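Look over the structure shown here, then follow the text through one helix, the open and closed spaces, the cysteines and a few loop residues.

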Amino acid sequence: MLIEIDDGSGFCFGVTTAIKKAEEELAKSEFLCCLGDIVHNGQEVERLKNMGLITVGHADLETLHDTKMLLRAHGEPPQTYIKAKEQNISLIDATCPVVLNLQKRIRKAYEEGGQIVIYGKNGHAEVIGLVGQTDGTAIVIENLEDAKKLDFGHDIQLFSQTTKSLEGFREIVKYIEENMQEGARFSYFDTICRRVANRIPNIRNFAAQHDVILFVCGKKSSNGKVLYNECLSVNPKTYMIDGPSEIDFQWFKNIESIGICGATSTPKWLMEDCKKKIEHEQA
């Protein structure tokens, strides 16, 4: 039976850089604080925890001081930087360059005035950082239905969370363009990361090539949910698992190939572990 791991799956550039920075610091120190889960994958968080990475929340900033803290790839609002300075916390900023550039563009647009709209997931770490650039005034829309509630009589500047769907973004752009009132201006900025967006056609193609798909993904990953559903739409025998322990060997009856893939937050070593478990069962 063929077992193939998708070459295009695994950490995106931003997550890879954040983890590398954490590992480099932990090689010199006994522990390091990280503001929020460094990546939305429990297995990888646990691996780094065993190396000395301590996950803290925003509420902990009130009690932390005179220490080092890693900011993950998702980015943070300006208030986090202010609070860290007040508490004498030395920051290791691992904000993804794509997210950092988006934050700057939103801040500039906000300072110039107008209605700032962000296509993204409410409460997502990246979106919280983006809204923070507008002092909390940006409107977050998650889908076309939310877009229909906008005030089309005022200027609108539309941005997108870097990991959102290109198709969804274009649908919203089209709707807003068709509904803007006379005298109001609409401008939009396609700020979706192509390294993530391009995974959709690639992973659909991969899913179509195998009898069964194991989609390895942490339960917190929003990107994972999107990619999993893309796989499922192509191959109904797609199963989301957190790791090797969730593999059900009943899935593999009378099949010739298994494809293993994952989210931008799924480590390659975890997909390898899944493959090894299946191979061990076959032996």
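On one side of helix 3 in this predicted model, Lys-85 and Glu-86 are exposed, and this is the side away from the buried residues of the helix. Helix 3 runs over residues 78-86, and its buried residues are Thr-80, Lys-83 and Ala-84. These three lie on the same side of helix 3 because they cover an arc of only 100° around the axis. An α-helix has 3.6 residues a turn, so residues three or four places apart point the same way. The cover over the buried residues of helix 3 includes strand 2 (32-35), strand 4 (68-71) and strand 5 (90-93). Helix 3 is followed by Asn-88, which has a positive phi, near 55°.

Two other residues also deserve a check of the backbone. Asp-135 is not a glycine, yet its phi is positive, about 55°. Asp-135 sits in the loop between helix 5 (125-132) and strand 7 (139-141). With a relative accessibility of 52%, Asp-135 counts as exposed. Asn-254, likewise not a glycine, has a positive phi of about 55°. The loop that holds Asn-254 joins strand 11 (238-241) to strand 12 (257-262). Asn-254 counts as exposed, at 83% relative accessibility.

Next come the open spaces. The largest pocket has a volume of about 370 Å³. It is lined by 24 residues, and those closest to its centre are Cys-12, Val-15, Thr-162, Thr-163 and Thr-264. Two or more lining residues come from each of helix 1 (13-26), helix 4 (97-112), helix 8 (194-197) and helix 10 (222-234). By type, the lining of the largest pocket divides into 11 nonpolar, 11 polar and 2 charged residues.

Thr-162, one of the residues closest to the centre of the largest pocket, can be followed further. Thr-162 lies in the loop between strand 8 (156-160) and helix 7. Is Thr-162 buried or exposed? Thr-162 counts as buried, because its relative accessibility is 4% and the cut-off for buried is under 20%. Leaving out residues up to four places away in sequence, Thr-162 touches Val-98, Val-99, Leu-102, Glu-126, Thr-191, Ile-192 and Cys-193.

The second largest pocket holds about 190 Å³ of space. Its lining is made of Lys-164, Ser-165, Leu-166, Glu-167, Arg-170, Ala-197, Ile-200, Val-226 and Glu-230. Helix 7 (166-179) and helix 10 each supply at least two of these residues. Helix 7 gives the most to the lining of the second largest pocket, with 3 residues. The lining of this pocket divides into 4 nonpolar, 1 polar and 4 charged residues.

Which closed spaces does the structure contain? A search of the whole structure finds 1 cavity of 30 Å³ or more. The space in the largest cavity is about 50 Å³. Thr-163, Lys-164, Ser-165, Val-196, Ala-197, Ile-200, Asn-223, Val-226 and Leu-227 line the largest cavity. Helix 8 and helix 10 are the elements that give two or more residues to this lining, and helix 10 gives the most, with 3 residues. The lining of the largest cavity divides into 5 nonpolar, 3 polar and 1 charged. Lys-164, Ser-165, Ala-197, Ile-200 and Val-226 are among the residues that line both the second largest pocket and the largest cavity. Thr-163 lines the largest cavity and is one of the residues closest to the centre of the largest pocket.

The cysteines remain. How many disulfides are there? The count comes to 0, where a disulfide would need a pair of cysteine sulfur atoms within 2.5 Å. Cys-12 is in no disulfide, and the nearest cysteine sulfur, that of Cys-96, is 6.2 Å away. Cys-12 is buried, with a relative accessible area of 18%. Cys-274 is in no disulfide either, and the nearest cysteine sulfur, that of Cys-261, is 11 Å away. Cys-274 is also buried, with a relative accessible area of 0%.

Conventions: Residues numbered from 1 in each chain as written. Predicted model: local features only at pLDDT ≥ 70, side-chain atom pairs only at ≥ 80, totals over all residues. Heavy atoms only, no water. 1 Å grid on protein atoms, 1.4 Å probe; cavity = no way out; pocket = protein on both sides within 12 Å on 5 of 7 lines; lining within 4 Å. Points joined across faces, edges and corners; volume = space filled by probe spheres on them. Helix = DSSP H or I, 4+ residues; strand = E, 2+ residues; numbered from the N terminus. Nonpolar A, V, L, I, M, F, W, Y, C, P; charged D, E, K, R; others polar. Buried < 20%, exposed > 50% of the residue type's maximum accessible area, 1.4 Å probe, protein only. Arc of directions from axis to C-beta. Contact = heavy atoms within 4.5 Å.
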